[in-house]
Amino acid sequence: MLKLIEFENFKRFRRFSLSLRSGNILVGPNNSGKSSILDAMRVLDACLRYSKTSKPKLIGNEKGVFDGFEIPESYLPFDLANITNNYNSEDAKLTFHHENGSTAHIWLHPTRTVRFFIDSKGKRFSTSKKFRDSFPLEFIIVPPLSPLEAEEPLVVDATVQRNRATRLAARSFRNIWYRQPPEEFEKLKERVERAWPNVTLHPPELLKSHPPRLEMFFQENRMTREVQWAGFGFQVWLQIHTHLLRGSPHAILVLDEPDIYLHPDLQHRLYHDVKEIFPQYFLATHATEIINEADS
């Protein structure tokens, strides 16, 4: 779990620190910095994923010499053009403090190589696994949601794996669940039917057309409909919980404005689902239902 994040020269923040708890709800007017905080999580997630690709190397700077990585800009979740506060020449610096005492540092600048290194009380890391084990975190970052496809072709496993954690997940929604074991689908089914008592959700079916495609139906008051025919709030609920169910006992959830398109009753239920699944979460929201429900 993360205990503290320090921001220096990063986007909205000249210098700012955020003490963290298990539940972290970010509230404020537009353009106040909520998304900048979530962007820091996205950057750390990208750096941790890149660290799986090779052995760490020595990164030297004014703090000393540490094991770390130089991160290609193409691996980051957004462009670095406006990464520094008021476009100044200094590095933007993100410092993440883990509960185990390790500290992860990310230094970013539009014209310099991104550097990512970990200070774990002077320890050295000879392998990528040892590097990641010193800062054990997993992120579930819910991407922007979009309407489900009217017709979804059957695609190969590699496409599903590539899309399932990205903004393209909506295009592969039925494919994702077509590949999940029945016990996993039952978890989604339970969460949907708990929120919509008159609905019964069915797993995807393969339609042997040319090319083959998938359909997924639900019943509501004895009427059978394809999921794409439902309102966007229902589609949002299906997609959010598809991402939530990827969670693990060590995962951190990052969710930006989940209240859009959801009725206050669903906002309330979503908040409790998040608390039930994740040991630590970050929600940016304008929803009074979530704000009022959360601990002050």
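## Starting from F116

At 0% relative accessibility, F116 counts as buried, so let's begin the tour there. This is a predicted model, and the residue numbers simply run from 1 along the chain. F116 has its place in strand β8.

Who are its neighbours? Setting aside residues up to four places away in sequence, F116 touches L44, C47, L48, S51, I59, G68, F69, I71, A104, H105, I106 and F131. Take L48 from that list: F116 and L48 are 68 residues apart in sequence, yet their C-alpha atoms are 8.9 Å apart in space.

## Two nonpolar cores

Now zoom out a little. The largest nonpolar core has 43 residues, and the members that touch the most others are L44, F96, I106, L108, F116 and F139. Helix α1, residues 34-50, gives the most to this core, with ten residues. There is also a second, separate core of 40 residues, and L201, M216, A251 and L253 are among its members.

As a bit of background, nonpolar side chains tend to be buried together in soluble globular proteins.

## A buried histidine

H243 is worth a stop too. This residue lies in helix α6, which covers residues 232-244. Is H243 buried or exposed? It is buried, with a relative accessible area of 3%.

Leaving out neighbours within four places in sequence, H243 is in contact with I140, V142, P143, L145, R164, A165 and A169.

## Rings meeting rings

The model has 17 aromatic pairs. One of them joins F7 and F10, with 6.1 Å between the ring centres and 35 degrees between the planes, which makes the pair tilted. Both F7 and F10 are buried.

Another pair, W107 with F117, is edge-to-face: the centres are 5.5 Å apart and the planes sit at 80 degrees. W107 lies in strand β7 (residues 103-109) and F117 in strand β8 (residues 112-119), so this pair ties together parts that are ten residues apart in sequence. W107 and F117 are both buried. F116 turns up again here as well, since Y50, F69, Y75, F116, F125 and F131 form one aromatic cluster.

## Charges over rings

Some rings have a charged partner. The charged end of K93 sits over the ring of W107, 4.1 Å from its centre. K11, meanwhile, lies over the face of F78, at 4.2 Å from the ring centre.

## Salt bridges

How many salt bridges are there? The count comes to 22. In general, side chains of opposite charge can pair when their charged atoms come close.

One example is R14 with E90, where the closest N and O atoms are 3.3 Å apart. R14 lies in strand β2 (residues 13-19), and E90 in the loop between β5 (64-71) and β6 (92-98), so the pair ties together parts that are 76 residues apart in sequence. Both ends are partly exposed: R14 has 41% relative accessibility, and E90 has a relative accessible area of 37%. In another salt bridge, R213 and E215 have their closest N and O atoms 3.3 Å apart.

## A network around helix α5

A salt bridge can also sit within one helix. E190 and R194 both lie in helix α5 (residues 182-195), four residues apart, or about one turn of the helix. They form a salt bridge with the closest N and O atoms 3.5 Å apart. E190 counts as partly exposed at 38% relative accessibility, and R194 is partly exposed too, with a relative accessible area of 29%. This pair belongs to a wider group: salt bridges that share partners join E190, R191, R194, D273 and E276 into one network.

## Strands side by side

Last stop: a run of antiparallel strands. Strand β11 (residues 199-201) and strand β14 (residues 217-220) run antiparallel and are joined by three bridges. Which residue in β14 is the bridge partner of T200? That would be Q219.

On from there, β14 is also joined to strand β15 (residues 223-226), again antiparallel, by four bridges. F218 has R225 as its bridge partner in β15. The hairpin of β14 and β15 has two residues between the strands, and in it N221 takes a positive phi near 50 degrees.

Methods: This is a predicted model: local features need pLDDT of at least 70, side-chain atom pairs count only at pLDDT 80 or more; totals for chains, interfaces and linings use all residues. Side-chain values use heavy atoms; hydrogens and water are left out. A nonpolar core is a set of buried Ala, Val, Leu, Ile, Met, Phe, Trp, Tyr and Cys residues joined through side-chain atoms within 4.5 Å. Buried means under 20% relative accessible area, exposed over 50%, partly exposed in between (1.4 Å probe, protein chains only). Contact means heavy atoms within 4.5 Å. A salt bridge is a side-chain nitrogen of Lys or Arg within 4 Å of a carboxyl oxygen of Asp or Glu. Rings of Phe, Tyr and Trp (its six-membered ring) pair if their centres lie within 6.5 Å; planes under 30 degrees apart count as stacked, over 60 as edge-to-face and the rest as tilted. A charge sits over a ring if NZ of Lys or CZ of Arg is within 6 Å of the ring centre and within 35 degrees of the ring normal. Two strands pair if DSSP finds at least two bridges between them.
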